[in-house]
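Visitor: I'm new to reading protein models. Could you walk me through this one, feature by feature?

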Amino acid sequence: VRVGSDCSELTGTPCRCHRTGKGYAWARVQNRNVGPRPSRTQTTAVFDFFKKAGDFVKDRAAEDIEKVRKFNDGLTKSREKLAADLEALISGAEGGISDILEELEDVLLMSDLGVDTVDKIMEDLRKDV
C-alpha cells in the first residue's frame, strides 16, 4: 500500500502513516497502525502521576513508621515505670497483705491498664490469697 492510499480499510481507523506521509508499510514495521502516538506532554503527565503517587506512598510510609516508633517508645516507658513500681512495692513490702494489695491496685491503676482489667486482676489475686 502506498502513501495516500486508504489503510483505514485494514484497521478501521485512520493510522499514523497518513499524517506523517511515511506510508502503511512503515506503520506496519513500527507496529503503529492504530492511531497517533501520544504527545510528549501526555506521556510526561502519566509518568508524573506515577512519580507523585510513589512519592506520596513513601511519605505516608515514613509518617506511619514514625507514629509506630512513638507508640512503641510510649509503651516502653509505661512498661519500665510499671516494672519499677512493682519492684519498689515488692522490695518495700511491710504491713499486712491487704495493705500490699491496696498498693498494688494503685500501681496498676496508675500504669493505665484500665479499671476493668485492674478489677479482674485484683479479684483473681484476692481469691488466691
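Guide: Sure, let's start with one residue and its neighbours. Leaving out residues up to four places away in sequence, Val118 touches Glu105, Leu108, Leu109 and Leu113. Keep in mind that this is a predicted model.

Visitor: Okay, so which residues does Glu105 touch, beyond four places in sequence?

Guide: Glu105 is found in helix H5, and its contacts of that kind are Val118, Asp119, Met122 and Arg126.

Visitor: And is Glu105 buried or exposed?

Guide: The cut-off for buried is under 20% relative accessible area. Glu105 has 15%, so it counts as buried.

Visitor: What about Leu109, how do I read that one?

Guide: Leu109 also belongs to helix H5. Its relative accessibility is 39%, so Leu109 is classed as partly exposed. Apart from neighbours within four places in sequence, Leu109 is in contact with Val115 and Val118. You can also look at the backbone: the C-alpha atoms of Leu109 and Asp119 are 9.4 Å apart, with their positions 10 residues apart along the chain.

Visitor: Let's zoom out to the helix. How many residues does H5 have, and how far does it reach?

Guide: H5 has 14 residues and spans 20 Å from its first C-alpha to its last, close to the 20 Å expected at 1.5 Å a residue.

Visitor: Which residues of H5 are buried?

Guide: They are Leu101, Leu104, Glu105, Val107 and Leu108. These buried residues cover an arc of only 165° around the axis, so they sit on the same side of H5.

Visitor: Why would residues that are three or four places apart point the same way?

Guide: An α-helix has 3.6 residues a turn, so residues three or four places apart point the same way.

Visitor: Now the core. Which residues make up the largest nonpolar core?

Guide: There are eight: Leu82, Leu89, Leu101, Leu104, Val107, Leu108, Val118 and Met122. Helix H4 (40–91), H5 and H6 are the elements that give two or more residues to this core. H5 gives the most, with four residues.

Visitor: Then what happens after H5? I'd like to understand the loop.

Guide: Let's take Ser111, which is in the loop between helix H5 (97–110) and helix H6 (115–128). Ser111 has 15% relative accessibility, so it counts as buried. A polar atom of the Ser111 side chain lies 2.7 Å from the backbone oxygen of Leu108.

Visitor: And Asp112?

Guide: Here's the general idea: most residues other than glycine have a negative phi. Asp112 has a positive phi of about 60° although it is not a glycine. Asp112 lies in the loop between H5 and H6. With a relative accessible area of 67%, Asp112 is exposed.

Visitor: How do I describe the whole chain?

Guide: Start by listing its elements. The protein chain has six helices and zero strands, and along the sequence the pattern is α-α-α-α-α-α. Next, check burial: of its 129 residues, 16% count as buried. Finally, look at how far the contacts reach. Among contacts between residues at least 6 apart in sequence, 13% join residues at least 24 apart.

Visitor: How far should I trust what I see?

Guide: Where pLDDT is low, the predicted coordinates should not be read in detail. The protein chain averages a pLDDT of 76, and 68% of the residues score at least 70.

Visitor: Where is confidence lowest, and where is it highest?

Guide: Among the elements of the protein chain, helix H3 (residues 24–29) is lowest, at a mean of 52, and H6 is highest, at 89. Over residues 1–5, pLDDT stays under 50, and the model has six contacts beyond four places in sequence for that stretch.

How values were computed:
Residues numbered from 1 in each chain as written. Predicted model: local features only at pLDDT ≥ 70, side-chain atom pairs only at ≥ 80, totals over all residues. Heavy atoms only, no water. Buried < 20%, exposed > 50% of the residue type's maximum accessible area, 1.4 Å probe, protein only. Polar contact = N/O pair within 3.5 Å; in protein donor to acceptor, adjacent residues only side chain to side chain. Core = buried A, V, L, I, M, F, W, Y, C linked by side-chain atoms within 4.5 Å. Contact = heavy atoms within 4.5 Å. pLDDT = per-residue confidence, 0-100. Expected span 1.5 Å × (residues − 1). Arc of directions from axis to C-beta.
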